[in-house]
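Work through the following exercises with the sequence and the structure side by side, and try each task before reading its solution.

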Amino acid sequence: MVETVTIARDVVLSVEHLSMRFGGLKAIDDLSFDVRRGEITALIGPNGAGKTTVFNCITGFYKPTEGMLTLKRKDGHAFLLERLPDYEIPARAKVARTFQNIRLFSGMTVLENLLVAQHNALMKASGFTILGLLGSSSYRNADEASIELASYWLERADLLDRADDPAGDLSYGAQRRLEIARAMCTRPELLCLDEPAAGLNPRESAELNVLLRFIRDQSDTSILLIEHDMSVVMQISDHVVVLEYGRKISDGDPESVKNDPKVIAAYLGVEDEEVEEVLVEVGDEQILEQLESVPVGDAAPQASASMFAPPVAGSIERDDGDAAASPAASKAAQVEKGATPATKKSGEEDK
Ligand SMILES: Nc1ncnc2c1ncn2[C@@H]1O[C@H](COP(=O)(O)OP(=O)(O)O)[C@@H](O)[C@H]1O
Ligand SMILES: [Mg+2]
């Protein structure tokens with residue numbers, strides 16, 4: 001008998017037809033992708049593409065407007081994250097995250113930050129009572145285990161010698177690693193990192209890479225990473241998903257994504273002439289003519305369409321319907337769609 005369903009490599013998170021609307025703005029539009037177990041998956045795209053919103057849906061901060069987010073644990077249990085109360089997502093589904101802006105208890109020591117993260121296990125062991133916290137042997141055992149786990153991740157994050165210093169005294173790069181160590185102390189099966197390399201110098205960035213590779217190779221945690229820095233993405237990810245205006249424009253291994261004309265045209269920070277070269281290579285002169293005819297104000301990622309560029313004014317359209325992405329703003333869409341009539345006004349599509 002022929003198998004009709006191919007079960008691909010083990011998937012830890014499956015995002016299916018995810019949409020998230022904020023009033024008239026569709027921040028995520030029918031997005032589907034998989035995060036495979038044991039891999040580092042990178043979610044990339046310019047500011048405002050919807051990356052953090054994806055994380056907020058996965059971790060229960062937002063309830064998605066539509067779609068399914070299935071987390072499959074190693075023991076076979078599956079959780080529909082969009083239906084779980086947000087406090088159960090770390091505890092039961094074993095998803096941990098860090099934020100785009102560092103959130104540590106800066107007055108607490110480095111070690112205390114890691115112990116607080118294990119608060120759930122400690123409270124369970126104490127029977128949720130003060131007496132339990134003070135006296136019981138199970139609490140003492142849990143405490144020892146917590147300190148052991150904290151020390152393990154401190155060492156991996158190269159922070160063991162800073163254990164008793166206030167977290168606020170650490171350098172920026174060290175604080176980033178501490179956040180990751182703290183998340184790892186909850187023993188997650190999926191770790192979501194929102195721009196962990198932002199603002200790091202090259203040495204700190206290299207140290208971060210070492211830590212992330214260690215997590216991938218030596219723990220049971222898979223990583224979903226939002227990243228702006230293409231060198232980080234290319235160096236450490238196994239799988240890259242590219243978002244533009246809430247939609248997926250590319251999905252594959254780093255090499256194929258890097259060479260995808262849509263990604264080059266929209267995101268890799270190339271000059272217009274290079275975009276033209278790519279378009280000539282893919283052989284679409286009509287698109288070239290179109291690009292030339294697009295008034296400057298309408299063409300969002302401009303001359304150097306860089307991933308570091310802020311969202312361009314007017315690139316997100318709001319109307320009484322639900323159109324979010326601006327087709328005129330997207331060189332990627334122009335590459336993909338081919339011969340769209342050049343006369344089509346922005347805002348006429350995707351209603
Ligand atoms: N809570 C919110 N309310 C309204 N709009 C939001 C909210 N969160 C995000 N957005 C909008 O959704 C879009 C995607 O934002 P975000 O996910 O933060 O992008 P990214 O992380 O890729 O830079 C942006 O246009 C942003 O302004
Ligand atoms: Mg963001």
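The exercises below concern a predicted model, and they go from the whole chain to its sheets, its core and its less certain stretches.

**Exercise 1. The whole protein**

Task: Find how many helices and strands the protein has, and what share of its residues is buried.

Solution: Begin by counting the elements of secondary structure, which come to 14 helices and ten strands. Then turn to burial, where a residue counts as buried if 20 or more other C-beta atoms lie within 10 Å of its own. By this rule, buried residues make up 41% of the 351 residues in the protein. Finally, consider the contacts with a separation of 6 or more in sequence, of which 68% are between residues 24 or more positions apart.

**Exercise 2. The sheet of four strands**

Task: Give the order of the strands in the open sheet of four, and state which strands stand at its edges.

Solution: Reading across the sheet, the order is β2-β1-β4-β5, and the pairing is antiparallel. The edge strands are β2 (25-36) and β5 (78-80), each of which pairs on one side only. From one strand to the next, the twist averages 15°. As a closer look at one pair, take β1 (residues 11-22) and β4 (residues 66-72), which run antiparallel and are joined by five bridges. Within this pairing, Ser19 stands opposite Glu66 in β4.

**Exercise 3. A helix on the sheet**

Task: Determine which strands helix α1 touches, and which of its residues are buried.

Solution: Helix α1 (residues 51-58) packs on the sheet of four strands and touches β1, β2 and β4, while its direction makes about 70° with that of β2. Next, check burial along the helix: seven of the eight residues of α1 are buried, namely Lys51, Thr53, Val54, Phe55, Asn56, Cys57 and Ile58. After the helix comes Gly60, which has a positive phi near 85°.

**Exercise 4. The sheet of six strands**

Task: Explain why β6 and β10 each have one side without a neighbour in the sheet.

Solution: Start from the strand order of this open sheet, which is β6-β7-β8-β3-β9-β10, with mixed pairing. Because β6 (95-98) and β10 (247-252) stand at the edges and each has a single partner strand, one side of each is left without a neighbour in the sheet. Neighbouring strands here are turned by 15° against each other on average, direction ignored. For an example of parallel pairing, look at β7 (residues 190-194) and β8 (residues 222-226), which five bridges join, and where Leu193 stands opposite Leu225 in β8. Two helices can then be placed: α7 (residues 172-184) lies across β6 and β7 at about 165° to β6, and α8 (residues 202-218) lies across β3 (40-44), β7 and β8 at about 145° to β8.

**Exercise 5. The core**

Task: Which residues have the most contacts inside the largest nonpolar core?

Solution: The largest nonpolar core has 70 residues, and those with the most contacts inside it are Leu43, Trp153, Ala181 and Leu190. This core draws at least three residues from each of domain 1 (11-109 + 174-258) and domain 2 (261-337). Setting aside neighbours within four places in sequence, the contacts of Leu43 include Lys51 and Val54, together with Leu224, Leu225 and Ile226.

**Exercise 6. Confidence**

Task: Where does pLDDT stay under 50?

Solution: Taking the protein as a whole, the mean pLDDT is 78, and 67% of the residues reach 70 or more. The value stays under 50 over residues 294-328, and it is also below 50 over residues 338-351. Where pLDDT is low, the predicted coordinates should not be read in detail.

Technical notes:
Residues are numbered from 1 along each chain as its sequence is written. Chains are lettered from A and ligands numbered from 1 in the order in which they are written. This is a predicted model: local features need pLDDT of at least 70, side-chain atom pairs count only at pLDDT 80 or more; totals for chains, interfaces and linings use all residues. Two strands pair if DSSP finds at least two bridges between them. Axes are lines fitted to C-alpha atoms, for helices over the stretch in contact, and angles run from 0 to 180 degrees between N-to-C directions. Two residues are in contact if their C-beta atoms, placed from the backbone, lie within 7 Å. A nonpolar core is a set of buried Ala, Val, Leu, Ile, Met, Phe, Trp, Tyr and Cys residues joined through C-beta atoms within 7 Å. A residue is buried if 20 or more other C-beta atoms lie within 10 Å of its own, exposed if 12 or fewer, and partly exposed in between; C-beta atoms are placed from the backbone. Domain bounds come from an automatic or database domain assignment. pLDDT is the predictor's confidence in each residue, from 0 to 100.
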